[in-house]
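Subject: Handing over the structure, with notes

Dear colleague,

I am passing on to you the structure that I have been reading, and I would be glad if you could keep it open while you go through my notes.

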Amino acid sequence: MGKKLVAVSVAVCFVGVLGSPASAVNKDGAKCTVAGKVVSVAGKKLICAKVAKTLKWIAVSAPTTTAAPTTTAAPTTTAAPTTTAAPTTTTTTTTTTTTTTTTVAVDRTAPTVTLARNAGSSSSSTILFTVTGNEAINCATLSYDNGVDFTFTRISRINSITQSSTTVCTISAQSTQERGDTVARAATLTAAATFSISDTAGNAQTTLLGSPQTTWVLRP
């Protein structure tokens with residue numbers, strides 16, 4: 001029994017020896033060994049932090065947590081009312097201007113066209129005729145070929161069909177009259193049964209007023 005009491009006394013003394021240096025080391029400004037370690041000594045909280053390349057115990061006072069109210073900056077979210085820019089959608093009123101295009105009239109009437117000769121007589125084998133419309137006509141709708149839009153009498157061919165103006169087509173034809181013939185010969189251009197000419201709107205006319213037309217050719 002006496003030996004057990006001696007052993008317990010030795011153990012208590014040994015713990016006292018180990019505990020006293022620790023409490024002496026854990027104080028503000030004293031060196032520490034583990035960065036970030038937190039201890040509580042005499043109601044004061046200490047944290048191990050690096051100060052000038054040395055780990056030291058630094059006192060941490062609880063009231064420093066009052067810095068949190070800096071979160072009051074949140075009211076800056078009041079900028080949201082800038083969404084009032086939405087009324088700019090009123091620009092849709094400009095679409096009403098397109099209604100004015102419905103006033104354009106559509107041309108559905110065929111032109112009136114007339115055939116005429118350039119001269120009653122000619123000493124040249126090339127003779128001219130014209131087709132004139134009461135509105136703009138499209139000369140490209142006339143054919144050069146015999147029997148399509150025109151039939152030829154003492155005419156070998158049509159040399160050209162020219163758009164002289166918006167309403168006039170000039171036709172250059174080649175007479176078959178030979179040079180030295182002492183008798184004038186009639187070179188005649190006549191509307192064929194399939195004659196057709198269109199205006200610029202695409203309306204076709206199949207009647208040619210003034211047809212036929214004749215030029216007397218004499219080439220002495």
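What follows is an account of what was found in it, with each term explained where it comes up.

Please keep in mind that this is a predicted model, in which local features need pLDDT of at least 70 and side-chain atom pairs count only at pLDDT 80 or more, while totals for chains, interfaces and linings use all residues. Residues are numbered from 1 along each chain as its sequence is written, and side-chain values use heavy atoms, with hydrogens and water left out.

To begin with the whole protein, there are one helix and 15 strands, where helices (H or I, at least four residues) and strands (E, at least two) are DSSP runs numbered from the N terminus. Of the 220 residues, 23% count as buried, a word that stands for under 20% relative accessible area, whereas exposed is over 50% and partly exposed lies in between (1.4 Å probe, protein chains only). Among the contacts with a separation of 6 or more, 61% come from residues 24 or more positions apart, a contact being heavy atoms within 4.5 Å.

Next comes the interior. A nonpolar core is a set of buried Ala, Val, Leu, Ile, Met, Phe, Trp, Tyr and Cys residues joined through side-chain atoms within 4.5 Å. The largest one here has 22 residues, and Val131 and Phe150 are those with the most contacts inside it. Strands E4 (113–117), E6 (126–133), E8 (150–153), E9 (155–165), E10 (168–175) and E11 (185–191) are the elements that give two or more residues to this core. A second, separate core has six residues, including Ala30, Val39, Cys48 and Trp57. If you would like to look at one residue in detail, Val131 is in contact, leaving aside its neighbours within four places in sequence, with residues including Val113, Leu115, Ile137, Phe150, Cys169 and Leu208.

Some of the strands just named also belong to an open sheet of five strands, which has the order E9-E10-E6-E4-E14 and mixed pairing; two strands pair if DSSP finds at least two bridges between them. The edge strands are E9 and E14 (208–209), each of which pairs on one side only. Within the sheet, E6 and E10 run antiparallel and are joined by seven bridges, with Thr126 standing opposite Gln174 in E10.

How many disulfides does a search of the whole structure find? It finds two, where a disulfide is a pair of cysteine sulfur atoms within 2.5 Å. One joins Cys32 to Cys48, with 1.9 Å from S to S, and this link is right-handed, with 85 degrees about the S-S bond. Cys32 lies in the loop between helix H1 (2–25) and strand E1 (38–41) and Cys48 in strand E2 (residues 44–51), so the pair ties together parts that are 16 residues apart in sequence. The other joins Cys139 to Cys169, again with S to S at 1.9 Å, and this link is left-handed, with -95 degrees about the S-S bond. Cys139 lies in the loop between strand E7 (137–138) and E8, while Cys169 lies in strand E10, so this pair ties together parts that are 30 residues apart in sequence. Cys32 and Cys48 are both buried, and Cys139 and Cys169 are buried as well.

Towards the end of the chain, strand E15 (residues 213–217) has side chains that alternate: Gln213, Thr215 and Val217 point to one face and are buried, while Thr214 and Trp216 point to the other and are not. E15 pairs with strand E5 (residues 121–122) in the parallel sense over two bridges, and E15 also runs antiparallel to E11, to which five bridges join it. Ser122 stands opposite Val217, and the bridge partner of Ala186 is Trp216.

Finally, two details of the backbone may be worth a look. A cis peptide bond, with omega about 0 degrees, joins Ser211 and Pro212, and Pro212 has its place in the loop between E14 and E15. Arg154, in the loop between E8 and E9, has a phi near 55 degrees, which is a positive value in a residue other than glycine, and Arg154 is partly exposed, with a relative accessible area of 43%.

With best wishes
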